Amino acid sequence: VRSKGQRLASAKLAALMDLSFELLPSDPLLLILSYLDFKDLFSCSYVCRRLNQLVNHDPLWKRFCQKYWLVSETEKSHEKKSWKCIFRGYYKEYGRYIEHYVTLKYAWDSLKAYLEQRCPRMLTSLKDGVREEDLNRMELQIGCKLPNDYRCSFRIHNGQKLVVPGLLGSMSLSNHYRSEDLLDIDTAAGGFQRRSGLKQCLPLTFCIHTGLSQYMALETLEGRNQHEIFYQCPDQMARNPSAIDMFITGTSFSQWFTSYVNKVVSGEYPIIKDQIFRYIHDKECVSRTGDITVSVSTSFLPELSSVHPPHYFFTYRIRIEMSKDALPEKACQLESRYWRITNADGDVEEVQGPGVVGDFPIMRPGKVYEYTSCTTFSTTSGCMEGYYTFHRLYKVNEVFKVTIPRFHMVCPSFKVSVARTDTDHGENIFEDEDSTDTDDHEEVHRIINIPAPAGRCPRHTM
């Protein structure tokens, strides 16, 4: 307890400080205050009357509104409130999420602006954000705490309706289709897992056609890190049904969602027929032969892959384009293909046959032809390269080859189920995530000739 003399001394010091600040001009003080963060500004408001007045200088709060809440001048004019009042309003509503809000709000705004221009109908499936009490009720229902970045995102948008196409990307082959919806909190809570192998895991996405989901681990259990995001992959060789391997897709909700959005808005994931397709295109994976350019995009399909046994399924999309500046007499038709396929162990397989996916496309100036096919590896990575054989339309005996650039396919990192490692110590776990081509092996070399499809290239029927 301070003595009467100490209290008087403190009072005199405070009065002197008040007097000193009263004598100082406002501009240099405001400049100093502009370097402080919002918490420091609030603290300054309790120091003395002069600082309290200066802290209320509205332009000081404009920077914080833009930095933490992405509030623009236009939005302020609609609000008809001071910058400080706007900041306090947002802080009251989203203060617990201040380290996540700007990242996730920017991601949502960027995604919506991009889709508005390219496939606006997808935006109609988005749901409005939920309230704090809704998220608290969800936590009570599942018996686990939700990470703040997840909560923050669902305050902005509560996922989407179960529709096709899904917001989290699609993939299509001739006999397989996948499109993932971002689940709302009620649907996610209904799918919360308590069974062995997926204990305390919350589904983030769902595909109506395949039943595939991406899960987020809410606790560190069964070999998973807390908040890790993954595709489940049942171990088909383990005796324990709870042995579930995992293809990892994210380390946290924020990292997972923002990295996906970045790939969409950068154009890395193409939009085809009003759907986001999760193909990855390496900008260096392009080759040009004369007037024809060939480029390749690839994608890994976890729902058709497994770690045990090792079976990694990839799809690739080929784009063949003839320059619009090519001469008309350069028109040509694809008649056959040749592939050299190499896995991570260096085993080589050669495939050759007529046409592509049963077709013999004709290329003219400005024409673009695209098709999708697939391949599998018993190793976690592999590559393909080859060429197409074309002939000129008006000189059928003029035959030439068009190079297909080498492209690599690598599965995402994965984790082996602890149920397998605990019970099946003597079995080979096939943990070759970092496999690379090596020379210390005997090369396996096979050549496969593909029979001609029902459709035939006109040159072959002449």
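**Close-up views of a predicted model**

**View 1. Helix H2 and its two sides.** In this predicted model, helix H2 spans residues 26–33 and buries Leu29, Leu30 and Leu33. These three cover an arc of only 100 degrees around the axis, which puts them on the same side of H2. Asp27, Leu31 and Ile32 sit on the other side of H2 and are exposed. An α-helix has 3.6 residues a turn, so residues three or four places apart point the same way.

**View 2. The largest nonpolar core.** This core has 65 residues. Leu33 of H2 is among the residues with the most contacts inside it. The others named for this are Trp61, Leu115, Tyr150, Leu202, Phe253 and Phe257. Helix H8, residues 101–118, gives the most to this core: seven residues. Apart from it lies another core, of 39 residues. Phe247, Phe300, Met409 and Phe414 are among the members of that other core.

**View 3. The surroundings of Leu202.** Which residues does Leu202 touch, not counting those up to four places away in sequence? Met138, Leu146 and Tyr150 are among them. Ala188, Ala189 and Phe192 also touch Leu202. Gln214, Tyr215, Met216 and Leu218 complete the list.

**View 4. Helix H9 and its cover.** Helix H9 runs over residues 132–142. Its buried residues are Glu132, Asp134, Leu135, Met138, Glu139 and Ile142. Seen down the axis of H9, they fall within an arc of 165 degrees, so they line one face of the helix. What covers them includes helix H10 (148–156), helix H11 (185–190) and strand S5 (201–203). Met138, buried in H9, is one of the residues touched by Leu202. Gly143 follows H9, and its phi is positive, near 75 degrees.

**View 5. The S19–S20 hairpin.** Strand S19 covers residues 381–392, and strand S20 covers residues 399–410. The two strands run antiparallel and are joined by 10 bridges. A hairpin of six residues links S19 to S20. Cys383 stands opposite His408 in S20.

**View 6. Confidence along the chain.** The mean pLDDT of the protein chain is 88. Of its residues, 86% reach 70 or more. Residues 425–462 have pLDDT below 50. Beyond near neighbours in sequence, this stretch has 75 contacts in the model. Where pLDDT is low, the predicted coordinates should not be read in detail.

Terms used
Residues numbered from 1 in each chain as written. Predicted model: local features only at pLDDT ≥ 70, side-chain atom pairs only at ≥ 80, totals over all residues. Heavy atoms only, no water. Pairing = 2+ DSSP bridges. Helix = DSSP H or I, 4+ residues; strand = E, 2+ residues; numbered from the N terminus. pLDDT = per-residue confidence, 0-100. Contact = heavy atoms within 4.5 Å. Buried < 20%, exposed > 50% of the residue type's maximum accessible area, 1.4 Å probe, protein only. Arc of directions from axis to C-beta. Core = buried A, V, L, I, M, F, W, Y, C linked by side-chain atoms within 4.5 Å.
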